[in-house]
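Biologist: Could we go through the packing in this model together, beginning with the terms you rely on?

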Amino acid sequence: MRRIFLLTIFAALTMVQCSNSSSKNIDATIDSSAIDYDYLKEMHVNWFDILNLSINDYYVYIYSKSCGHCNQIKETILNYALDDRIILRFCEFTDEIPLKSSINPYEIVCSIDDIGILGTPTLLHINNSCLIYNLAGSNNIVSYLTSIL
């Protein structure tokens, strides 16, 4: 009887610990194939506003709904957006976003007119209203986010 009581207490404490985690995940009851970037619509920003958020240090993930690589890492990216340790915003690719054939990923750029991307997906690190890191490619983005968290 004592063993059952201790196991019950242990199970209850484990559930409390999991529910108090600083990292939130997408509800496991949601079919991951049905999840879309619109799931976190309040975290979307317009391209021309990416340098003007009232936040000092954040990331902007640029995606396209028709991009196979974006869709492949969609659930992972959405879960990073729900993590309290970073601030991640979304920007859907439009023809307003300049595509470039090459970029210097470490070039500091403080004007939206000077920013371009290689394609989707792209992760931009913005600090004090300036782009400080421009990273393209699904594997690169997931590896980078994993390394900083």
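Modeller: Contact means heavy atoms within 4.5 Å, and helices (H or I, at least four residues) and strands (E, at least two) are DSSP runs numbered from the N terminus. This is a predicted model, in which local features need pLDDT of at least 70 and side-chain atom pairs count only at pLDDT 80 or more, while totals for chains, interfaces and linings use all residues. Residues are numbered from 1 along each chain as its sequence is written, and side-chain values use heavy atoms, with hydrogens and water left out.

Biologist: Which residues of H4 does H3 meet?

Modeller: On the H3 side, the residues involved are Thr76, Ile77 and Tyr80. Their partners in H4 are Ile141, Val142, Leu145 and Thr146.

Biologist: At what angle do H3 and H4 pack, and is that roughly parallel or roughly antiparallel?

Modeller: With axes taken as lines fitted to C-alpha atoms over the stretch in contact, and angles running from 0 to 180 degrees between N-to-C directions, the two axes lie 11 Å apart. The angle between H3 and H4 is about 30°. Because angles under 35 degrees count as roughly parallel, H3 is to H4 roughly parallel.

Biologist: Which element gives the largest share of the largest nonpolar core?

Modeller: Such a core is a set of buried (under 20% relative accessible area, 1.4 Å probe, protein chains only) Ala, Val, Leu, Ile, Met, Phe, Trp, Tyr and Cys residues joined through side-chain atoms within 4.5 Å. This one has 23 residues, and Ile77 and Leu88 are among those that touch the most other members. Elements giving two or more residues include strand E1 (57–63) and helix H4 (138–148). The largest share, 4 residues, comes from H3.

Note on methods
Buried means under 20% relative accessible area, exposed over 50%, partly exposed in between (1.4 Å probe, protein chains only). Angles under 35 degrees count as roughly parallel, over 145 as roughly antiparallel, 65 to 115 as roughly perpendicular and the rest as oblique.
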